Amino acid sequence: FPRLLFIHLFSNGLLFDASHLKQLRPGSDYVKKVTLSTDAASKDTYAKVRGDQWDLLIKNLRWTGKQRQAGRFETFIHNFVFRAANFRDIPQAVALAHETHADLIYFTGLKYLKHMKLKNYQDENIGDPLHPDHSEFMQLYSQIKDDPIVRFRLRAG
C-alpha cells in the first residue's frame, strides 16, 4: 500500500501494547490514531460489561497514553458505549481519559443488535427517556458535557 498514510486502530485494548505492536511491524508503524473501548471506569463495572481483564486494560491504557505523550500516536481516544449496566461510571470514565492522556472520550448510546432480545435492549437502553433511570443518566451527562475532551452521542435504537 504505497499511498497508505496512517492506520486508525480501534480495539478493546487488551492486546494493545508494545510487544503486540512489534509483532505487527512494519504495518504497526502506520498506526497513528488509536481508539480503545473501555465501557467502564471501575473493575466491578468492567466485569459486568466486558470481563475480568480490567487490570490489563488499565495497564494498556496507561502505556498508550505515555506513547501519545511521547508523540508515537497522533490521537488517542477512549470509547464508551453507555447502557444501564455502566452509565454510573461516566464521570469516572472522563477522569480516566484525562489520567491516561487521551485526546477525546466518545460516549455513544447502545445500539440494538439483531442477537439481542428486545426486552434486554429496553432494559439496557439508558438513553431512552422512558427508561426508569434516564433522569439519573441525564444528571451525570450534565456533569461532564462541557469537558473539552468529551464527545457525546445518543444513538436511537
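This passage describes the nonpolar core, the aromatic pairs, the charged and polar side-chain contacts and the unusual backbone sites of a predicted model. Local features were accepted at pLDDT of at least 70 and side-chain atom pairs at pLDDT 80 or more, whereas totals for chains, interfaces and linings use all residues. Residues are numbered from 1 along each chain as its sequence is written, and side-chain values use heavy atoms, with hydrogens and water left out.

The largest nonpolar core contains 33 residues. A core of this kind is a set of buried Ala, Val, Leu, Ile, Met, Phe, Trp, Tyr and Cys residues joined through side-chain atoms within 4.5 Å. Buried denotes under 20% relative accessible area, exposed over 50%, and partly exposed the range in between (1.4 Å probe, protein chains only). Within this core, Ile 90, Ile 105 and Phe 107 touch the most other members. At least two core residues come from each of strand S2 (31-37), helix H2 (43-49), helix H3 (54-69), strand S3 (75-82), helix H4 (90-99), strand S4 (104-109) and helix H6 (134-144). H4 provides the largest share, five residues. Helices (H or I, at least four residues) and strands (E, at least two) are DSSP runs, numbered from the N terminus. Contact is defined as heavy atoms within 4.5 Å. With residues up to four places away in sequence not counted, Ile 90 touches Phe 80, Phe 82, Phe 107, Phe 137, Ile 144 and Phe 152.

Several of these phenylalanines also take part in ring pairing: Phe 80, Phe 82, Phe 87, Phe 107, Phe 137, Tyr 141 and Phe 152 are linked by ring pairs into a cluster. Rings of Phe, Tyr and Trp (its six-membered ring) pair if their centres lie within 6.5 Å; planes under 30 degrees apart count as stacked, over 60 as edge-to-face and the rest as tilted. The count under this rule is 12 aromatic pairs. One of them, formed by Phe 16 and Phe 73, is tilted, with 5.6 Å centre to centre and 40° between the planes. Phe 16 lies in the loop between strand S1 (7-11) and H1, and Phe 73 in the loop between H3 and S3, so that the pair links distant parts of the chain, 57 residues apart. Both rings belong to buried residues, at a relative accessible area of 3% for Phe 16 and 1% for Phe 73.

A search of the whole structure yields nine salt bridges, each defined as a side-chain nitrogen of Lys or Arg within 4 Å of a carboxyl oxygen of Asp or Glu. Asp 55 and Lys 43 form one such bridge (3.1 Å, N to O). Because Asp 55 lies in helix H3 and Lys 43 in helix H2, this pair ties together parts that are 12 residues apart in sequence. Lys 43 is partly exposed, at 46% relative accessibility. A salt bridge also joins Asp 103 and Arg 68 (2.8 Å, N to O). This pair links distant parts of the chain, with Asp 103 in the loop between H4 and S4 and Arg 68 in helix H3, 35 residues apart. Asp 103 is partly exposed at 26% relative accessible area, and Arg 68 is partly exposed at 23%. Asp 146 and Lys 145 meet in a further bridge (3.6 Å, N to O); Asp 146 is exposed at 64%, whereas Lys 145 is partly exposed at 38%. In addition, Arg 88, Asp 133 and Glu 136 are linked in a network of salt bridges.

Glu 124 lies in helix H5 (residues 118-124) and is buried, with a relative accessible area of 14%. Its side chain is joined to that of Arg 83 by a polar contact of 3.0 Å. A polar contact is a pair of N or O atoms within 3.5 Å; within protein, one must be able to donate a hydrogen and the other to accept it, and residues adjacent in sequence count only if both atoms are side-chain atoms. Beyond residues up to four places away in sequence, Glu 124 touches Arg 83, Ala 84, Ala 85 and Leu 110.

Three loop sites concern the backbone. The peptide bond from Arg 25 to Pro 26 is cis, with omega near 5°, and Pro 26 is located in the loop between helix H1 (18-23) and S2. Asp 39, although not a glycine, has a positive phi of about 60°; this residue occupies the loop between S2 and H2 and is buried at 9% relative accessibility. His 101, also not a glycine, has a positive phi of about 65°. His 101 lies in the loop between H4 and S4 and is partly exposed, at 34% relative accessible area.
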